[in-house]
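Here is a short report on one protein chain. Look over the sequence and the model, then read on.

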Amino acid sequence: MSHILSVRAKAGRLQATAGGGKSGYNTQLVLRVGGVEQVTTSISGTNPSWGQEFFFEVHSPIEELDVTLQSKGWFSKDTLGGCTVLLYDVPFKEERSDGCWFELTQDTPHGEVRTGHQVLLHLRFDSDPGVTPRDAARHWKLEYQRGGGLGKVVFSDSEDSGGGEEEEDDDDDDEEEEEEE
């Protein structure tokens, strides 16, 4: 079963460039899930407001959303930073929220460093018609548990192995009630 991921690229908070001031950036977001890539329009300034929504078909809870912030010039595109969002953590929701700010990092020869840039994204999975968000989330958890090489994942609403013992205790209580009558 696949699910539809809704990604609303809302806004950005960018660090001013050393010499460019507020107009030093002409930025766009590149969003990737699997082999599918979608790009926002380019917006100038240190507080871009994209306000664009994109949809991705997701087949597995172990897929990721890669977000890359690019500064677009006449002949080149420079990467300003990026982040990776684990799709397993994205909720199934019917209502909309304000979204979440994601801190962007950049790989350097000395390791990964924070760029000071942030992007505001609203992420949610839309469940199929007739499927409640709770049922869709439960299915997603089961798919995640079946994912290869991930180890065992334990969820608070999953059944434990002690269920049979509780049933025996309940039967004993029923026998005691019958004896009292």
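Helices and strands here are DSSP runs, helices of at least four residues and strands of at least two, numbered from the N terminus. With that in hand, the chain reads β-β-β-β-β-β-β-β-β-α-α from the N terminus on. That comes to 2 helices and 9 strands. The model is a predicted one.

## The chain as a whole

The chain has 181 residues, and 32% of them count as buried. Take the contacts between residues at least 6 apart in sequence: 60% of these join residues at least 24 apart.

## The core

In soluble globular proteins, nonpolar side chains tend to be buried together. The largest nonpolar core of this model has 28 residues. Leu5, Leu65 and Leu121 touch the most other members. Which elements give two or more residues to this core? They are strand 1 (3-13), strand 2 (26-33), strand 5 (49-58), strand 6 (64-72), strand 7 (77-86), strand 8 (100-108) and strand 9 (111-126).

Leu65 deserves a closer look. Leaving aside residues up to four places away in sequence, Leu65 touches Val7, Leu31, Arg32, Val33, Cys83, Thr84, Val85, Leu87 and Leu123.

## Cysteines and rings

One of the residues touched by Leu65 is Cys83. Cys83 counts as buried because its relative accessibility is 14%, under the 20% limit. Cys100 has a relative accessibility of 40%, so Cys100 counts as partly exposed.

How many disulfides does a search of the whole structure find? The search finds 0. A disulfide is a covalent bond between the sulfur atoms of two cysteines. For Cys83, the closest cysteine sulfur is in Cys100, at 9.3 Å, which is too far for a bond. Seen from Cys100, the closest cysteine sulfur is in Cys83, again at 9.3 Å and too far for a bond. The cut-off for a disulfide is 2.5 Å between the sulfur atoms.

A search of the whole structure also finds 0 aromatic pairs. One ring does have a charged residue over its face: Arg13 lies over Trp101, at 3.6 Å from the ring centre.

## Two threonines

Thr40 sits in the loop between strand 3 (36-39) and strand 4 (43-44). Is Thr40 buried or exposed? Thr40 counts as buried, because its relative accessibility is 4%. Setting aside residues up to four places away in sequence, Thr40 touches Ala9, Gln28, Leu29, Trp50, Gln52 and Phe54. Among these, Leu29 and Trp50 also come up in the table below.

Thr115 lies in strand 9. Its relative accessible area is 18%, so Thr115 is buried. Apart from residues up to four places away in sequence, Thr115 touches Gln15, Leu80, Gly81, Leu104, Thr105 and Gln106.

What does the side chain of each threonine reach? The table lists the distances.

| Side chain | Partner | Distance |
|---|---|---|
| Thr40 | backbone nitrogen of Leu29 | 2.8 Å |
| Thr40 | side chain of Trp50 | 3.4 Å |
| Thr115 | backbone oxygen of Leu104 | 3.1 Å |
| Thr115 | backbone nitrogen of His117 | 3.1 Å |

## Two loop residues

Gly34 is placed in the loop between strand 2 and strand 3. Its relative accessible area is 57%, so Gly34 is exposed. Which residues does Gly34 touch, not counting those up to four places away in sequence? The answer is Glu63 and Glu64. Gly34 and Phe56 are 22 residues apart along the chain, and their C-alpha atoms are separated by 9.3 Å.

Ser97 is found in the loop between strand 7 and strand 8. With a relative accessible area of 34%, Ser97 is partly exposed. Ser97 touches Lys10 and His122, not counting residues up to four places away in sequence. Ser97 and Leu123 are 26 residues apart in sequence; in space, C-alpha to C-alpha, they are 8.9 Å apart. Leu123 is also one of the residues that Leu65 touches.

Methods:
Residues are numbered from 1 along each chain as its sequence is written. This is a predicted model: local features need pLDDT of at least 70, side-chain atom pairs count only at pLDDT 80 or more; totals for chains, interfaces and linings use all residues. Side-chain values use heavy atoms; hydrogens and water are left out. Buried means under 20% relative accessible area, exposed over 50%, partly exposed in between (1.4 Å probe, protein chains only). A polar contact is a pair of N or O atoms within 3.5 Å; within protein, one must be able to donate a hydrogen and the other to accept it, and residues adjacent in sequence count only if both atoms are side-chain atoms. Contact means heavy atoms within 4.5 Å. Rings of Phe, Tyr and Trp (its six-membered ring) pair if their centres lie within 6.5 Å; planes under 30 degrees apart count as stacked, over 60 as edge-to-face and the rest as tilted. A charge sits over a ring if NZ of Lys or CZ of Arg is within 6 Å of the ring centre and within 35 degrees of the ring normal. A nonpolar core is a set of buried Ala, Val, Leu, Ile, Met, Phe, Trp, Tyr and Cys residues joined through side-chain atoms within 4.5 Å.
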